Amino acid sequence: MTGPLVPFREFVLKVHSRCDLACDHCYVYEHADQSWLTRPKVISDEAISWTARRLAEHATTHALPSVTVILHGGEPLLAGPARLRRVCEELGSALNGIAELDLRIHTNGVQLSPRYLDLFDAFHVRVGISLDGDRAANDRHRRFADGRSSHPMVMRAVGLLREERYRHLDLGLLCTVDIHNDPVAVHDALAALGPPLVDFLLPHATWDDPPARPDGSPTAYAAWLLAVFDRWSEQGRPMPVRMFSSVLSTLSGGPGLTESLGLAPTDLVVIETDGTLEQVDSLKSAYEGAASTGFDVFRNSFDEVAAHPGVRARQLGLAGVSETCRRCPVVRSCGGGLYTHRYRSGTGFDNPSVYCHDLAALIRGIEERTTAAAESSAVRAPDALLAAQQDLTRTLLAVVHDTLDGRGGELWDEAWRLAAEVEAEESGAEALDAVLAHPYTRTWLLDALEDVRAGRALTGPAAERLATTVAAAAVRARIDVPVPVAYRDGRLYLPTLGTAILGGPGARGTATVRVVGEGFLVRRPGDAPGAEPRVVPPHEGPHWHPVRVLRRGAAPALLLEDLDPFRDCFDVPAAGRLAPAAVDTWAHLFAEAWELLADAVPEQAAEAARTLTTVTPLAAGGARPGRHGYGALGGAAHDVPEELALGLLSGFRRAKLRALGEVTDLYALDGTWDHRTPWGSEHVPFSRLLAETFERAGLGLYDPRFLTGVPEALDMIENAAEVTVDGKQLIAAVRKEISGTRSAAGRKRGRSLSPSGPGENVLASDRKKTFE
C-alpha cells in the first residue's frame, strides 16, 4: 500500500454487545460474522482505561485538534448509566488538554429516559436514534424478539430529545432503507419530527448475499431514494439528508460527506467490548472475521491498526476501487460504494458495489434534477463572470480588513472610513467599482491577505493601496473628499489614473488628494500655498504620468498599464514605462490584430472586448494571464499582427478559464489521476487537460488545425470522474462553440495565422508551467 498513513479521527466504542430488539436486518447478529457470541456483554474497566490511554496517545502523535467517539453496541444504553458515566469520565480526562472530545451515542431509543439524557447533558454526548419511518415501516424490522412493536418507545425517545432542555443533544435519525416501505410516507414521518439530520442507510449486502429486489429491478433502491429526494425537494428540504448532501457536494466538486459515498479515506476504527480493535463494523456482513485486525488496545497502538492492509485498502481513493469503477464518470460521487458492499467470494473487495446500478442511477437522477439550480451563470454569461469576479474582489478586501482587526494603521482606517463616504454617492459607488475592478487590485489583495494571515504587518504599497484606491475613486467621481495618501520614491500612483511626481528618488511621505475643478490637487504637509503640483489628467506633464489608452480603429480601448507597482505578477518581468513611439507601435499592431480577430472569431472578439480592460508590457513576448483579477493580459509587441492576434486569443482563453476557476468549481481536486492527451503521448493532470482543450477549442475557431483531438478530449473530460456540474456546463458551451466551424474558419481566411505551424507559438513548452 502506498501513501501516507491516515490517522483515525472517529472511534466506535462498543460498550455493550447485546441488544433489546431483534431487528432482522442487523449486521451484528443476523449476518455472516457471529463473533458477538464470544464477546463480554459489557466493556470492562480495564478496556475503558486502555482505550482512553490509546486515544490520548494517538491524538498527541498526530496533533489532532479533536476526536469523535461514538458509543455503540449492541444497544449501548444496556450498559447502564454508571458504566456510561465511567466511559465519559475516563475519555474526557485522558484527552483533557490534548484534543477536543466529541462524544456521541447511537441507540435504538427504547431505553432512553431523562436519567440518561441528564448524564449525556453533563458530558456533552449527542444522541442519534434509529428509526425507519412511520409505525408500519419501523415495525417491518425493528421489533422485540416476541414480535412487539418498538415504535411507541422510539417515538417517546424522539419526543424527549425534542424537549427544549435536551434539544441541543439531538444528533438526528438513522433510517435503513426498505423498498417495501412507502418512500413518501417514510420521508414525511421523519420530517414531521424536525430532526437536525437524517441519514438513510442502504441495507448491508454483498454479491454473495445480494439485497432484496422484489421486481428484479437493478435500480429499485435508486428509485426509492429518488422518490424521497423529490418529496424532500417539494417540501423545501426541511432537514439535511446526509446522502443527498454528499451527492450534491461531490457533483459540485466538494468532498463526500459519508463513508458510504465518495473517495475520502476512511478514518474510523472499532473497539469491541473485549478491547479488540476491528475495522469498520459493517464488514461483519461479508464473512466471518472480515473486520478482524488481530490487534487490541492492551498491546497495540491505533497507528498499528491504521497500517493494517485492510484499513489501508480503504484509504487509497481512486486507486482503491475496482478497474470498472475507475472508468466510471460517477466514481467521485459514489466512491465505489461502501467497501462492504463490494465483497464477492473469489475476488474479495475488488468489485463494484452490489448497489452499483442503484448508485449510478441515484447520482445521475439527482444531477438531472438539480443541474439548473446548481449551475453557475458565470460559465455561460460573460457579464455574470465579471460580476462574480467583482464580488470576489470585494470579498477579499473585506476579509483583509476583518483579518487586520484594527491593525491596519491610521492610513488604512481613515481610507476605510472615506471609502464608505465615497460609496454613499451613486457616482462614487460606480467609480469605486471601476477602480476595484482594475486587475491589479487582486494582486494587491492576495499579497496583503498572505501577509495578514501570516501575522505580518502590512507595509509599503500593500498598506498604502487602499488609500490610493479611494483617492482614485473620488477623482473619477468628482467627489470633493480630501483623502490622505502615502507616496514613496517621489511617486504617487493612483490606480487606473496614473502617477503623480512629488519628488526625486528616495522622497517619501504623506499627502492629501483632493478634487479641484477639472483635475485634482496633491498637497504635502509643509507645502507653501501655490507650490503644490496641480494635476489635470490625462495630459502628460512634469508632475503627471497618466495611464495611457490604446485606442485605434475598431479595437476596444484598453489601458496600457506600465505604472502600477502590482503589475509585476506574470511569469516574466514587467517592462518599464514605454516611450511614446513604443506606445504607437503597440496601438498600431493591436488594432491590426484586433481586426483579424473580429473578422475570424467575432463572438470571441466581442466577449474579449467586454472583459479585457488592460494590457501590460512584459520583458518577453507571448500574451499571457498573470496572478491578478480578470481583465488583463501581459505581453510584448509582436512584429507580425497575425501572431499577436493568435497570442491575444490564447491569452484570453487562458485568462477566462482561470477566472471561471476562481468563482466556481469546474473540477474536483480530490481523487484525480493523469489522462493521456489526444494530441500527444503525454499523461497530464485533469486540470491541464481541461485547460489545453479549452484553449485549443478557442484557437480552433481561428485556425481549424488546432481542433485536432479537441472533440476526443471533450469526450474524455465529460466522462471523467473529476468534472463537476459546472464543468459539464462549460464543456457543453465549448461543443456549441466549435460545432460546424472546423472547415468554415479555414475557408474564411484561406490560410493559417501561425506561420510556424499550429500550436508552436501559443502552446509552447512553457504551457506546462502555466497549467500545473
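This note goes through the sheet, the aromatic rings, the cysteines and the backbone of a predicted model.

1. The sheet. The strands to look at first form an open sheet of nine, whose order is S6-S5-S4-S3-S2-S1-S7-S8-S9 and whose pairing is mixed. At its edges stand strand S6 (198–201) and strand S9 (292–296), each of which pairs on one side only. On average, neighbouring strands of this sheet are turned by 25° against each other, with direction ignored.

2. A parallel pair and a helix on the sheet. Within this sheet, strand S1 (residues 10–14) and strand S2 (residues 66–72) are paired in the parallel sense, over five bridges; to follow the register by eye, one may start from Val12, whose bridge partner in S2 is Ile70. Helix H6 (residues 151–162) packs on the sheet, where it touches strand S4 (125–130) and strand S5 (170–176), and the direction of H6 makes about 150° with that of S4.

3. Aromatic pairs. The count of aromatic pairs comes to 18. In one of them, the ring centres of Trp412 and Trp444 are 6.3 Å apart and the planes stand at 50°, which falls between the 30 degrees below which a pair is stacked and the 60 above which it is edge-to-face, so this pair is tilted. The pair links distant parts of the chain, since Trp412 belongs to helix H16 (residues 409–423) and Trp444 to helix H18 (residues 439–453), with the two positions 32 residues apart. Trp412 is buried at a relative accessible area of 1%, and Trp444, at 0%, counts as buried as well.

4. A ring cluster, and charges over rings. Elsewhere, ring pairs join Phe200, Trp224, Phe229, Trp232 and Phe244 into a cluster. Two arginines are also placed over aromatic rings: Arg653 lies over the face of Phe694, at 3.9 Å from the ring centre, while the charged end of Arg696 sits over the ring of Trp679, 4.4 Å from its centre.

5. Cysteines. How many disulfides does a search of the whole structure find? The search finds zero, and two cysteines illustrate the distances involved. A disulfide requires sulfur atoms within 2.5 Å, whereas the sulfur of Cys23 has its closest cysteine sulfur, that of Cys19, at 5.9 Å, and is therefore too far for a bond. The sulfur of Cys325 is likewise too far for a bond, because the closest cysteine sulfur, in Cys334, is 5.8 Å away. Both residues are buried, Cys23 at 10% relative accessibility and Cys325 with a relative accessible area of 6%.

6. Backbone points to check. Most residues other than glycine have a negative phi, and most peptide bonds are trans. Against that background, a reader may wish to look at the cis peptide bond that joins Gly73 and Gly74, with omega at about 25°; Gly74 is placed in the loop between S2 and helix H3 (80–95). Ala63, although not a glycine, has a positive phi of about 50°, and its place is in the loop between helix H2 (45–61) and S2. Ala63 is exposed, with a relative accessible area of 62%. Arg237 also has a positive phi, near 50°, and is found in the loop between helix H8 (220–234) and helix H9 (242–251). At 38% relative accessibility, which lies between the 20% limit for buried and the 50% limit for exposed, Arg237 counts as partly exposed.

Notes:
Residues are numbered from 1 along each chain as its sequence is written. This is a predicted model: local features need pLDDT of at least 70, side-chain atom pairs count only at pLDDT 80 or more; totals for chains, interfaces and linings use all residues. Side-chain values use heavy atoms; hydrogens and water are left out. Two strands pair if DSSP finds at least two bridges between them. Helices (H or I, at least four residues) and strands (E, at least two) are DSSP runs, numbered from the N terminus. Axes are lines fitted to C-alpha atoms, for helices over the stretch in contact, and angles run from 0 to 180 degrees between N-to-C directions. Contact means heavy atoms within 4.5 Å. Rings of Phe, Tyr and Trp (its six-membered ring) pair if their centres lie within 6.5 Å; planes under 30 degrees apart count as stacked, over 60 as edge-to-face and the rest as tilted. Buried means under 20% relative accessible area, exposed over 50%, partly exposed in between (1.4 Å probe, protein chains only). A charge sits over a ring if NZ of Lys or CZ of Arg is within 6 Å of the ring centre and within 35 degrees of the ring normal.
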